[in-house]
Each structure stands twice: as structure tokens, then as C-alpha cells.
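Work through the exercises below with the sequence and the structure at hand. Try each task before you read its solution.

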There are 4 protein chains.
Amino acid sequence: MIKVGIVGGTGYTGVELLRILATHPQVQLTAITSRKEDGLPVADMYPSLRGRVDIAFSSPDKAKLTECDVVFFATPHGVAMAQAPELLAAGVKVIDLAADFRLQDVKQFEKWYGMPHSCTHVLEEAVYGLPELNREAIKKARVIGNPGCYPTTMQLGYYPLLKAGVIDAGSLIADCKSGVSGAGRKAEIGLLFSETSDTFKAYGVSGHRHTPETVEQLQRMTSDKVGLLFTPHLVPMVRGMHSTLYGRLTKDISNEALQALFVDAYKDEPFVDVMPFGSHPETRSTRASNMLRLALHRPDNGNTVIVLVVQDNLVKGASGQAVQCMNLMFGLEEGTGLMHVPVMP
Amino acid sequence: MIKVGIVGGTGYTGVELLRILATHPQVQLTAITSRKEDGLPVADMYPSLRGRVDIAFSSPDKAKLTECDVVFFATPHGVAMAQAPELLAAGVKVIDLAADFRLQDVKQFEKWYGMPHSCTHVLEEAVYGLPELNREAIKKARVIGNPGCYPTTMQLGYYPLLKAGVIDAGSLIADCKSGVSGAGRKAEIGLLFSETSDTFKAYGVSGHRHTPETVEQLQRMTSDKVGLLFTPHLVPMVRGMHSTLYGRLTKDISNEALQALFVDAYKDEPFVDVMPFGSHPETRSTRASNMLRLALHRPDNGNTVIVLVVQDNLVKGASGQAVQCMNLMFGLEEGTGLMHVPVMP
Amino acid sequence: MIKVGIVGGTGYTGVELLRILATHPQVQLTAITSRKEDGLPVADMYPSLRGRVDIAFSSPDKAKLTECDVVFFATPHGVAMAQAPELLAAGVKVIDLAADFRLQDVKQFEKWYGMPHSCTHVLEEAVYGLPELNREAIKKARVIGNPGCYPTTMQLGYYPLLKAGVIDAGSLIADCKSGVSGAGRKAEIGLLFSETSDTFKAYGVSGHRHTPETVEQLQRMTSDKVGLLFTPHLVPMVRGMHSTLYGRLTKDISNEALQALFVDAYKDEPFVDVMPFGSHPETRSTRASNMLRLALHRPDNGNTVIVLVVQDNLVKGASGQAVQCMNLMFGLEEGTGLMHVPVMP
Amino acid sequence: MIKVGIVGGTGYTGVELLRILATHPQVQLTAITSRKEDGLPVADMYPSLRGRVDIAFSSPDKAKLTECDVVFFATPHGVAMAQAPELLAAGVKVIDLAADFRLQDVKQFEKWYGMPHSCTHVLEEAVYGLPELNREAIKKARVIGNPGCYPTTMQLGYYPLLKAGVIDAGSLIADCKSGVSGAGRKAEIGLLFSETSDTFKAYGVSGHRHTPETVEQLQRMTSDKVGLLFTPHLVPMVRGMHSTLYGRLTKDISNEALQALFVDAYKDEPFVDVMPFGSHPETRSTRASNMLRLALHRPDNGNTVIVLVVQDNLVKGASGQAVQCMNLMFGLEEGTGLMHVPVMP
């Protein structure tokens, strides 16, 4: 059994980790920290876990994290990099669900997250935790920077096209839509039901943290200079993410060949579903599961290809992907504990 | 492996059965019928099942239902009673999620469902499928009338009180609220998003089919004459049911003793969670799981006890409960394939 | 033109006052205070008001409230009673949307609101602002305690029954449901979209502030001792309130006679709509309007009458009612500026 | 007073017309037709109109439409063109909210709407009812083709850019999102609450009827060949539309100059609000009002300009715009009866 610790278990990615790990057959939940909720049984905060998770929150100083095999950080940015060195020294693997180990370009990190990176030597060995594109490195990693939710959809959506060199890498447009849980469990006016229900808006259009992360990864797929316009929007739903990706075709290619690029790229992937050409995937078809689904369109057989990508932002976009990485790091079958059938309706 | 057939798999209780059975370790999905969708792969209608359920709908005449061990009817009222005799004769067990085998009082059935009961000899042996109150009979049953969603909450909520004889059985008031999926997957104006979102209403206040079913069962718990006022309401949410049950105390009893009645009644139940006195259970704490949670209140220590009961109407209120019955009927551990952790948020 | 000031215009009752007053033909918006947002144009916080409301928030000390004819307090409890004396001395009328002037029983106020009442001499002259039951007093009032949202529905729903003495005043049960905006515009985890969407729960079942307010008013309608069980619930919708009121009939009375009690009581009321017996009013049929609608039921012609009452909690349940009071206080036609047609769908 | 008839008043654009016209000071509602609901008081179907609209539906043959001054068609495509000639001959003006008189290119009409155009001589004189771009023609028109909801946002969003010739007309990308009411009041599975709530998807990506309509109108703004990629999505909200419009800049232009193009174009428009550069308009800031709001972005000061446009699809996107046209056609002040303040929250 893998002894698992969670730092910061009170947010949505934290409770989603608990939901998944509670039925993971190879995991023993060992510690979960919260300074504020020290002593509170986890199930008191999240009644959905009553009878299923019986540990209590403990303050960070009391939690015996160094006795774990792996520690997940479901914390604000900056926490993991402060604690990772001590854990690594004790032989504990680290999976950070925040941004501390996502961006290899430290300047970009410091620009977008407004803090110095205190742990660049660990960053150097950190592996970007997107299994579909980085599986072998993840297997050997001690430290994982778990991808952001939006970047996961953009990378898996653009990858076959960029790798094959059939679209203009310099004029990518990603029009993305996320459920409200993506913003986290924070007491902010802007996230209230009465502010976000029955309405729709864009946000961060002039600049968003997920742009540099995505560009850094997309740039690994092509020798052309990547230019990405990323426009996030907020959808009045709890979970779910839908990315509408536009690419300008630079080669003469049939629709069948386009589709084949995706089928080939993902044919052995347990968590990427390439739907028939012209499908319209719905976010709910992935709800509460680790699946990501995508489908291609090419209006009027013109020179633009559209990739529609959906996932559950809390699962494939966060906690499920983190567990997928853990499975790889510990030599387990990749889908262990992750085979939930999506909840629909 | 239990060979399972489903008649009428295109509705919400049908797809929920599929979601549950797809990961049930002792089940082999053998046939699923739909006259209209003959030949269509199930996963084409419900993309959430892509890669997880690979059978196709077949028309009723082609489906080899008599080769199954058990057949679930997720159909409109009246279908199961027409087909049950043939299946039973072939040694196939029957679990009806509609009302055909719920009411032993045939007159009540005919009054509320507007059709003659064509199969009273089967009705006679049918067992009401509420495991918490009827477990031994279910184990031996060939035919199950799976309870209605509202009746499940009312019975489990009132049972310890009626059994102990501490409330007036003649003046029960059940103010109940259901998510929209409870009305089924029907093309009706009244169920449109634009008709049910951001609004709230009662319906069927002057009379609802679930009243006679509930009264018949409650009457088994007490020798006093049961009088029940049942008021259903429609909540703008997909899944979830919340019943607010009022009972007038007829005995001098402490709050501790009241709570003990419930704790004792359900202490060995895997799917009934008695929360601390004074709790406010949320429907989402049971979402996509087979759990039912309840909590007691007694305002001002007065002479009214309030029981708050929540469940997922599609799981404990329908398909999960049906699978729970199946497990009992086939000698499996009761929770087999039903241990989903609720999805929250 | 009536010069109007608003203290605390940043919450939902504040912005709703602005929406209504912006098109009120007899009102000149003169001052709106917010310590925190001093100098900010109102329309910058609420873009819905762009081009329609052109004043800015000013800090309380700068706002020339004493130059107004009437000041609305859309503030937390306790603010109005601190400022009312000075305003009254300057000849300014006061309408408080919080609880400071609702309860004549000071002990009850202090018990439920956790603060001493600093202004009992003003409280003595304060008039409870429910026009349907208190019209003449409101016309002459200098100070109004605007009713709570739930209490409005309970009073108008029970009034004809209690006045006629046909129900048992001692065993009233009010099962009430409110949209989330009723909880105000506060940065609280419990009010987040991801906490309140697609779920349903009761709250405050063991005791709620609106009980003593309602009981005090209901007691004025009958010489029997009022006993009220009030159970509030939270509905995943922004606006809207639905109260399901139960009363035990103590007299032999026909359904026609019951209906006539309501028709007679409200026949001249511009904002109370008595629907046909057996109707199911929806909250959205009152959305963004000052209408309250109600309908009677009597299941099985038994001894319980049910009154279904709906309103928009921010209009008839708060700001609309306050403007209705203002119209009466200043001798205007009661519906001036309040004739919005409900928004549906 | 203008005598107004409505053909097909049972859908959402029909009831929205009624909501608006009920308080229009110059309108007398004279007839409203529905074959199916002949004799039913309008307020029985839409209780929101109780006490405010007192006419009943009448079957088309009984309705005295030729006695009206103007008739609105809130019907499926094809109805208006069948009835328009008779009405026009009787001196009645016609405003069609469907597509019969939107497309001057009859071939495109027949291709996208799957029916022959039976009334091309009326089509020839029909005026496209977008007041901001077509005001003088509307004033003189006898027949109006009221714009589609999506096309309204795309035209008003691209107009200042195309007119000034600063973007590439051939590579427009419009990523648009609509509330569910945009699909109408039809008994379809795909529009059920349980199918559309808490989920998000694109639809019609490979081709949508609003593309040819929009292209035909955009082409009037520029001599360059227009190429438009239009991608509609369905948002789990009742009302509201958000279009995210991308344009590639072809000229060296400052952000201030871009903003000035919009401010100048719309400075006298009562229903177009140009928000500050870099704003994020929300759909709810226009809810239940005739306002359309837009804001510009230019990420990284690069060569793409983004226009965010919001409106209420049932008002500015349909019935409000139709009334705006009516006001112009009858010489009234353009905003008469249309000055509702948006409902927020």
C-alpha cells in the first residue's frame, strides 16, 4: 500500500483527491493537513465522505508527512516549493497541483505568480505531469508539476496537429470555458451563486497564467514559433471544461487524414477519447471521471480545423491526473482507482 | 457472473443502471431493449458510456431476455406486468423500477395509474424492494417492486418513529422536494430548462401516486391508522431529493432517545447514514451514490419532530436500490458495485 | 420629486432599490452611501445600471442624508437604529430593510440579533411595513420596519384563515424555500456557486430569526395563542421564494368558502394575486416584480388546508415592498414605479 | 394607439413581446393567435401576465389581423411569408421574428431553411431590422425581417472594425454562447433541464443558419470578401448571449484609436453600450433589457482584436429589437416602452 499525504485538503482539488483515493485499492490515506481545521474529521467538513474517509485534518507541524510515500499539494501557489526539499530528502515523492513546478521558465513563473521561485534546483528535476505526452519521464520522477486544467485541454487538443505540422503554430486561438469550481473554494463575492448563476462572461482576456504554461509545452511539439491567444470564460456549472481550439491549416490534408492523426496519437490512451469527426462532446459526458473527450470539425471544408475538447476540470484537469501520475510513479496500472463511469445526467 | 437484461434502457433510470452495472464485478450486461433505438450502440446515445458499455439496444422481440438471470424494467408503468409471467416461467427474476408491483392494493393501483392490473397473480408474490425494511423477503423473491423515490425517503424517515409509537400516525406531513430528473427523460414542455431553471414550485399537491404506495407501507409499521399529507415540489437541480418530514410527538421522549431510535434502527445499514441531531443534510452529499442520509430536529423542544432526509433520486431512489435488491436476491454482499463515493462538489 | 437617500447600497436589496427607483417617476436619487466604495460610480459596481443611474457612492459622513425626504437602510442589522434619530430630527423619513424596527418585543430582538436595541423610543413609533395589513398606519408613519421576506409570505398566506378563525392557530407549519440571493451579497463559502448549485438543503431548522417576527404579527390576527413551526430551505436559484403553509381546519367549511376568504381579503390589493383553487404558483411568475401570488389546496377534502405562496424575495420580499411603503408615506398612488411585468422565462 | 397583433404568441419570443408591449404606452394589444390554444386567456398559459394582459388566444381564422396597424410573427420559419401579402394589402405592417425576410439571397434561404421562398416580391421590399445600421430604411419599411440573435451581436461587434477597414474581413472567428431559451419553447429531449443543466457543449459547428445571414450583412460593410467562422455553444442559463469575436488587425492602430471607432459608431445609440477598453461584460448586465454591451481587448498588444458582446437573446436578440423597429416605423421615440433596467442579480 502507498502511504499518501495531502497538504491542503480543504479545497475542491483536495476533496476530489479524497473522493478518488478513498476507493483506490493501493492507497492508504495517512495524513491530511490544514492549519485551520486541525483535529476536525474530514467527513465533518465534507459529509459526502462520511463512512468512507475517517481521518482528521492535522496541522502541518503535527502531520507526519515524511513517513508518507508520496505527498500531494492541493494548496495555493508557493506552498509546495517551500516544503518539497525536506520531503524529497526524506525519500517522499511530491505531486504539486499548483503551479510551483509547472513552468521551467522561472522568469515567467515570477511574472505571472508574483513571487520569487524559492526552489529552482527542485524545479530543474520536476517533471510536467501530463501522462499522454510525458509518460516515461513521469515514471521516473520524484517531483511532478501537475498541469493546469485549461493547459491540459489545449495541449491534448493541439498536439497531433502541431506534431504533424499541419497547422500554423503562430496563430492558435483557444476559446475556453470552465465551470465555477475551477476558481477554487474561496470566499469571494465574484464566486457567489447569485453572481455566477444564470450569467456568462469572459475573464482574464488580456492575460492569464495558463498562457505561458501552455506555450512552454506547445513549443516542445514544434520547431515553429508558437503564438497562442487564450480566452477563458466562466460557465454557470460546477464542474466541466470545454475548449474550442482553432488552427489554420497550412497543408492540404483530408478530413480523414486529420482524424487519423488524432486516432493514432491516442489509440492506446485510457483517458483520451477521440470521438467521430463532427461530434459535439458535452462536458457532462466526462463528469466525475478522468476522461477527456475531443472531436474535430472543419466548417465548409475550409482552411480552419476546430478541435472541441471536454473534461472534468477537477479530475482530468486536476486531481484525477495527479493520481494518474502517482500510479505511473509507483509502477501501478495507470488506471488504478480511476475507472469511474461519468455521471450523466 | 449474473446475466442481466434491461428493458427500456433509454430513460434516466436505465442509463443509471448502466452506469452502476458497468463496474459491478459480478454482472455481465447481456441485453438492453429499445424498440425505437434497435441496433444503436448504447454509447452513441450516452457518450458517457463510451469505452465502458459496448452493447447495443435491440428491439424487444430480438433481445434474448429469457437467457438472462435477471431483468430490470426501467419502463413506463404497465410494461413489466405484461412481460413478467413469461420471464418468470423461464426462471428469470424480475425487478420492476416502475409501479406495477409496488401496490398490493389493486384498486389503488388502478385508480392512480389509470390501467387495469393484468397480472395480479404475480403481484401476489411480488416483494416490495426496500432492503432496510424487507431484507429477508427480498433475498427469496422472484419479483421485486422497486420503491418509488419519494416513498423511500418517507418510509426510512418515519419508520423508527412509527415503530416506536412515539408520533401520531394520523397527522403525518411530508414536504418533499425533488430534482428534475425524477420526472424522467420525456419530451415535455414542463421539463425544459427554460421552464424549470431558476424557479420553484409545488405540483400534484391535491394528490400524487406516491401517497397510496407510502401509506400502504407505513401502515405495516403501526396499528394506528396512518394519515399522510404528501406535498411534492420541483427543485432546479438534476439529481437529489430532500424530504422534510413532520411528526407530532405523542409521548414524552427526550431528544437523545429520539436519536437513539434512529441509530438503533439503522446501525448495521450500509446505505443509511444517521447524522448528528440537529444536522442539515444536503442532497449533494449523496450525489451519484446509494447513500441516504437523515437528521432529526425538534424546534424549541416542542411537540413536533422533524426528520430531514436526502438521497440521490436516481440511485437510492431508483437504480441503486434495484441493484441493492439484486445483490440480495443473488446472495452477493449487499454493497457490491454500489460503493461509489458521492460526488461533491 | 422625492429626494431619496440609500444607506448601504452595495448589497442585493440596495441594488434592487436602485433598479426600481431608477425608473420611479417621482423620485430623485440624491445620495447613496458606502464607506468602502466612496467615490465609485454605482454603475461601475453594477454595470446593469450603466446609463441609468449616474450617482456615485459616498462615505456616510459626506453624504447629505439630512437633505433627503426619505432614507432607505439596506444595511446589516443595527445600522438604522444608530442613525435614525438624527434623520428623524431633521425631518427625514426612515425605511429600514433590516430588522431594527420590525420586532416590538425588544427582548426577542436582542435574543435573536445578539445586540442591545439602542433606540427603543424610535421603535415605539415604528410601523411594520406590510401595506396589505397595515396601510393606514404606514401612510402616517415616519419610521418603517420593512418586513422580512419569509414573514411577508407567511403573514399574507395565513391572514385570511386566522382572521376568520377557521384554522388552529397553535399548530401552524410553514415549510419555506428561498433563492440564494436572500442570504445577501456576502463573501461566504456557504454561498458560493459550487456550494449551492445542484443541491438542496434546509437550514436554521432549530430556530430562525424570522419566527419571532412572524409570530408577533400573526398574533395580532387572532386571540388564540399562535404556535408556528417555520422551516427554511435554500433553493439553487437566484431570486424567488415559495412558502408551503399548512393549517389544520377547526371548522366545517367548504372549499368555495375558503377560497372566498382569500378573494375577499385581497380583492383590492394591487400586489396580491389569489389564483384559482388548486393552482401551483411558480416563483418565476413573480420574478423581478412586486407581485405575490398564492393558491389554496385541500388534499382529499381533509382537515388540512395548504396555502402555496410565491414572491420575488428581493422585490415584494424586500425592496419593492419598501418602495410600496414609500409611495404610501408620500401620498402617491401605491403602485407608482412598481408595475414591472414579471420576467418569464 | 397602435393596434398590435401577434401571430404565434405561445413561444418565448411571443411571451417576451407580450411582456414588453403590456407596458408600452402607445400600444393596444388587439389580437394574438394560436390555433392550438384558441380561447385560452394568455395569462392562463403565462401566469406572469395575470392582471396585466387580458386578451385570449384566438385561432388564426378568427383573429382580425387585418384590423391591426402592425402584426408581429413570432412563428416558425415560413409562416410570415404565407400571410404577409394579405396583411400588406390591407395596409398592415409586418415584422417577422423568424427568418422569412432576413436573407435577400433566396438560394441561401432555401438551402438553410429547407423550403422554397413563396413570397420573393415581398422579400424584395423587406428591410433588415437592425436599427443601428439600418435606421432610415426601417422608418419607411412596411415589412421587417427582424435579425437573428447571434447575427445581431456579430454585426454590431464587427461593424466599426470592418467599416474602418482595420481587420482582415476574410478570417473572422466568432465564438458565440447562448442561453437555452434561444432554442425556443419546443418539447425536445435535447432542451430538457436534465440534458442542459450543469453541462456545456458546442452545436452546429459544421454549419449554422445564422452564418449566411451574418455574412450577407457583414458584406455590406466592406468591399473585401467576408469569411466568417461562427461557432455556437449552449450555456446552462435561460437568457443571455455572449459573443467572443476575433479579428486580425491589418493596420497599425493604437488601442485608443480602436476604442474610438466604437465610441464614435455608437455614441448616439440608446441601446448599445461601449464599455471601457479591457472590460468583461456579463450577460446578466443586460438581462430582461434591450441593451447590448460590448468591450474591446487586445492581448499583448498583438495583432488580434477581441470584441466581447453581450445581450439578452430574447430582447435585443429578438422581441425588444422588434419593438424598437416598430417604434421607428410609427414615428415614436425609439426607446418607447423599452427602457427596462436590467435585472441583476
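**Exercise 1. Cavities**

Task: Find how many cavities of 30 Å³ or more the structure holds, and state which residues lie closest to the centre of the largest one.

Solution.
- Step 1: Settle the term. A cavity is a set of points on a 1 Å grid over the protein atoms alone, where a 1.4 Å probe fits but cannot get out. Grid points are joined across faces, edges and corners, and the volume is the space filled by probe spheres set on the points.
- Step 2: Count. In this predicted model, there are 7 cavities of 30 Å³ or more.
- Step 3: Take the largest. Its volume is about 200 Å³. It is lined by 17 residues, and the closest to its centre are A:S197, A:P236, B:S197, C:S197 and D:S197. Lining residues have an atom within 4 Å of a point.
- Step 4: Sort the lining. The largest cavity has 9 nonpolar, 4 polar and 4 charged lining residues. Here Ala, Val, Leu, Ile, Met, Phe, Trp, Tyr, Cys and Pro count as nonpolar, Asp, Glu, Lys and Arg as charged, and the others, Gly among them, as polar.

Two notes on the model: residues are numbered from 1 along each chain as its sequence is written, while chains are lettered from A and ligands numbered from 1 in the order in which they are written. The model is predicted, so local features need pLDDT of at least 70, side-chain atom pairs count only at pLDDT 80 or more, and totals for chains, interfaces and linings use all residues; side-chain values use heavy atoms, with hydrogens and water left out.

**Exercise 2. The second largest cavity**

Task: Describe the volume and the lining of the second largest cavity.

Solution.
- Step 1: The volume is about 110 Å³.
- Step 2: The lining includes A:R239, A:R287, B:R239 and B:R287. C:D198 and D:D198 also belong to the lining.
- Step 3: By class, the lining of this second largest cavity has 6 nonpolar, no polar and 6 charged residues.

**Exercise 3. The sheet of chain A**

Task: Give the strand order of the open sheet in chain A, then name its edge strands.

Solution.
- Step 1: Strands are DSSP runs (E, at least two residues), numbered from the N terminus. Two strands pair if DSSP finds at least two bridges between them.
- Step 2: The 6 strands follow the order β2-β1-β3-β4-β6-β5, with parallel pairing.
- Step 3: β2 (27-33) and β5 (127-128) of chain A each have a single partner strand, so one side of each is left without a neighbour in the sheet.
- Step 4: β5(A) is joined to β6 (residues 143-145) of chain A by 2 bridges. A:Y128 stands opposite A:G145 in β6(A).

**Exercise 4. Chain D and its partners**

Task: Describe the contacts of chain D with chain A and with chain B.

Solution.
- Step 1: Contact means heavy atoms within 4.5 Å. 40 residues of chain D touch 40 residues of chain A. With chain B, 18 residues from each chain take part.
- Step 2: Buried area is the accessible area (1.4 Å probe) that two parts lose on being put together, summed over both. Chains D and A bury about 3,400 Å², 55% of it on carbon and sulfur atoms. Chains D and B bury about 1,600 Å², 67% of it on carbon and sulfur atoms. D:L192, D:F193 and D:S194 supply 39% of the area that chain D buries against chain B.
- Step 3: A salt bridge is a side-chain nitrogen of Lys or Arg within 4 Å of a carboxyl oxygen of Asp or Glu. Chains D and A have 6, including D:R284 with A:E195 (2.5 Å, N to O). Chains D and B have 2 salt bridges. B:R185 and D:E195 meet in a salt bridge (3.4 Å, N to O).

Note on methods. 1 Å grid on protein atoms, 1.4 Å probe; cavity = no way out; pocket = protein on both sides within 12 Å on 5 of 7 lines; lining within 4 Å. Helix = DSSP H or I, 4+ residues; strand = E, 2+ residues; numbered from the N terminus.
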